[in-house]
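Hi everyone, thanks for coming. I'd like to walk you through a couple of things I picked out here, so have a look at the picture first.

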Amino acid sequence: MLKGFKEFIMRGNVVDLAVAVVIGAAFGAVIKAVVEGLINPLIAAIFGKPDISGVWAFTINDAEFSIGLILQAALNFLFVAAAVYFVIVMPLNKLAERRARGEEPEPDPLTTDQELLTEIRDLLRSRSL
C-alpha cells in the first residue's frame, strides 16, 4: 500500500504540480505588491481614492449596490493577468523561440522496411538509366 503511494507521489507530474503551487503562491505575493505599490496609487491619483470599490455605490431599500466593487475586482484580475503574461509567459515564449531558431527537428530514423524499399528504389532507378 505504501509502495503504491510512494510511486504515485514520485511521479513527475505530481512533483511538478506541487512545485507549481509553491511558486504560484510566492508569485502571488509579488503580484500583490505590484498592485498595492504601483497600480492602486495610480488609481488613487486618477479617481482620488485608493481603489474604486466605492465608486457608483447606491442603496435601494437597505440593499447596497456597488458597481465600483465589480470594476475593482475586474481591474485586479486584468492587472494580475497582465503581470503574469508580461513577466512570465512572454519572456518564456521568447526564450523558447530563440532556442528553436535554426533548429529543424531531425527526421525519424528509417525502419528496416523503409531502408529496403529505398535500396530497391535506388536499384531500379540505376537500371533504367
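Let's go straight to the aromatic pairs: a search of the whole structure turns up two of them. One is Phe58 with Phe65, and that pair is stacked, with 5.1 Å from centre to centre and 15° between the planes. Keep in mind that this is a predicted model. Are those two rings buried or exposed? Well, Phe58 is partly exposed, at a relative accessible area of 40%, and Phe65 is partly exposed too, at 38%.

The other pair is Tyr85 and Phe86. Their ring centres are 5.0 Å apart, but the planes sit at 80°, so this one counts as edge-to-face. Tyr85 is partly exposed, with a relative accessible area of 39%.

Okay, now the strands. β1 covers 57-60 and β2 covers 63-66. They run antiparallel, and four bridges join them. For example, Ala57 has Ser66 in β2 as its bridge partner. Together, β1 and β2 make a hairpin with two residues between them.

So what's going on in that loop? Most residues other than glycine have a negative phi. Asn61, though, has a positive phi of about 50°, and it isn't a glycine. Asp62 isn't a glycine either, and its phi is positive as well, about 65°. Asn61 lies in the loop between β1 and β2, and Asp62 is in the loop between those strands too.

And how accessible are they? Asn61 has 77% relative accessibility, so it counts as exposed. Asp62 is also at 77%, so it counts as exposed as well.

Definitions and conventions: Residues numbered from 1 in each chain as written. Predicted model: local features only at pLDDT ≥ 70, side-chain atom pairs only at ≥ 80, totals over all residues. Heavy atoms only, no water. Buried < 20%, exposed > 50% of the residue type's maximum accessible area, 1.4 Å probe, protein only. Pairing = 2+ DSSP bridges. Phe/Tyr/Trp six-rings, centres within 6.5 Å; stacked < 30°, edge-to-face > 60°.
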